[in-house]
Amino acid sequence: MLARRIDRLTSSLVRDILAAATRPDMISFAGGLPAEEALYQPSLPDGKLPDIWQYGQTEGEPRLRELVAAHGRSLGLDCTAAQVLIVNGSQQGIDLVSKLLIDEGTPVLAEAPAYLAALQAFRLFGADIRGFTVGDNGPDIEALQQQLAQTRFTYLTPTFQNPSGYCYSDAERDAVAASLDAADGILFEDDPYRDLAYDAPAPQPITGRLRRARWVYQGSFSKTLAPGLRLGYLIVHPDFITPLTRLKQAADLHSNRLSQALVADCLERNELAAHVASVLPIYRERRDAMHVALSQHLGELASWQVPVGGLFFWVKLRQPVDMRALLAAGLDAGIAVMPGDAFFAGTPDVSYLRLNFSHADPAAILTGAERLAALLHEANRLAALVA
Ligand SMILES: Cc1ncc(COP(=O)(O)O)c(C=O)c1O
């Protein structure tokens, strides 16, 4: 017999689409994959690798924890290395934090829309997920404040959010921090896209603005270096480090030591900033190419804002279509897209598509937009016939 929670276990639509999107002629706007040419290629040490072949510490390699804590302080977080837990990708951070804070029925406040694999984890542990809208004009702070009265644990991606691309302003961050403090809440700030800022640097995290509320701040090396490293980190309020470390012990003993050594070398040599600086022009060009391609082919079919960071366009269709049918027809026609409804915990808004612009090159982005427009015209034509 399977555990009761397995009834709540949903498959991640994005991983299912990615599996279907491996055909060589497929143009994928579906996942959040970095460009192949943007992947960090670490130089392996000439001689012997450092001593990494023995079991390591659950919390992570001390050298890397120090470097991560220094980075946290540079972002305004009040932290030391003792508050850092290195994880196998930030998705593991979401799993561990869910185990730490969610019982069956625990209310969890999240943005609507929100990162779908976080919703998947929260649901698995039985969360009662409540949402507040993050629209083109930003978060509905009043709704957030009302919800905070009943919901202590809040999950946010305030910087170049997945999927909406929205970046909270300084004033919005201050307002959210003040509300969390007033409610004595717990903030889980998921921040993997911070460095992918195309127009202006992102404002400081909300975490560093808190005075009273407890917090978990999460970062990842997937989007800046390479997702295959499977490396991310949690920097947490002192109350949380011991139970989280025990949860990590129970899950996998410790994160991969080879990846940790490679990333620590990269940070020590200041290569992360240099690598990101080399990647930004590639992504900026692709973002602009997608805006041009969408304007050319979807101008009458949809609306969107040009994202100031991150990896996605959040595109609102003027006429809602059957998303699953669109997805299937897209895979047949060689264009993989991500239906937006999967990013809503409650009643989904079915008029959105999330389109990734980092993986396909500018020429493929144009072809992909053409293919998508043809599908949408056909879907609208069929809907008009039925109506
Ligand atoms: C908001 C957010 N959090 C966490 C993750 C997981 O990233 P990783 O496990 O590669 O660090 C992603 C990946 O797309 C994401 O968008």
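## Salt bridges and aromatic pairs in a predicted model

At a relative accessibility of 34%, Arg23 counts as partly exposed. Its partner Asp25 is likewise partly exposed, with a relative accessible area of 44%. The two side chains meet in a salt bridge, with an N to O distance of 3.0 Å. The structure is a predicted model, and the count of salt bridges in it comes to 21.

**Charged pairs**

Three of these contacts are set out below.

| Pair | Closest N and O atoms |
|---|---|
| Arg23 and Asp25 | 3.0 Å |
| Arg63 and Asp265 | 3.0 Å |
| Asp239 and Arg214 | 3.1 Å |

Arg63 and Asp265 form a salt bridge. This pair links distant parts of the chain, since Arg63 belongs to helix α2 (residues 62–74) and Asp265 to helix α8 (residues 257–268), 202 residues apart. Arg63 is partly exposed, at a relative accessible area of 32%. Asp265 has a relative accessibility of 18% and therefore counts as buried, because the term applies under 20%.

The salt bridge between Asp239 and Arg214 joins a helix to a strand. Asp239 lies in helix α7 (residues 238–252) and Arg214 in strand β8 (residues 214–220), so the contact ties together parts that are 25 residues apart in sequence. Asp239 is partly exposed at 44% relative accessibility, and Arg214 is partly exposed at 24%.

Salt bridges also link Arg4, Arg8 and Glu104 in a network.

**Aromatic pairs**

A search of the whole structure finds 12 aromatic pairs. One of them is formed by Phe153 and Phe188, which are stacked with 6.4 Å from centre to centre and 15 degrees between the planes. The pair connects distant parts of the chain: Phe153 is in strand β6 (residues 153–156) and Phe188 is in strand β7 (residues 186–190), 35 residues apart. Both Phe153 and Phe188 are buried.

Trp314 and Tyr352 form another stacked pair, with a centre-to-centre distance of 4.5 Å and 5 degrees between the planes. Here too the contact links distant parts of the chain, with Trp314 in strand β11 (residues 312–317) and Tyr352 in strand β14 (residues 352–356), 38 residues apart. Trp314 is buried, at a relative accessible area of 8%, and Tyr352 is buried at 13%.

Phe153 and Phe188 also belong to one aromatic cluster together with Phe122 and Tyr155.

Terms used. Residues numbered from 1 in each chain as written. Predicted model: local features only at pLDDT ≥ 70, side-chain atom pairs only at ≥ 80, totals over all residues. Heavy atoms only, no water. Salt bridge = Lys/Arg side-chain N within 4 Å of Asp/Glu carboxyl O. Buried < 20%, exposed > 50% of the residue type's maximum accessible area, 1.4 Å probe, protein only. Helix = DSSP H or I, 4+ residues; strand = E, 2+ residues; numbered from the N terminus. Phe/Tyr/Trp six-rings, centres within 6.5 Å; stacked < 30°, edge-to-face > 60°.
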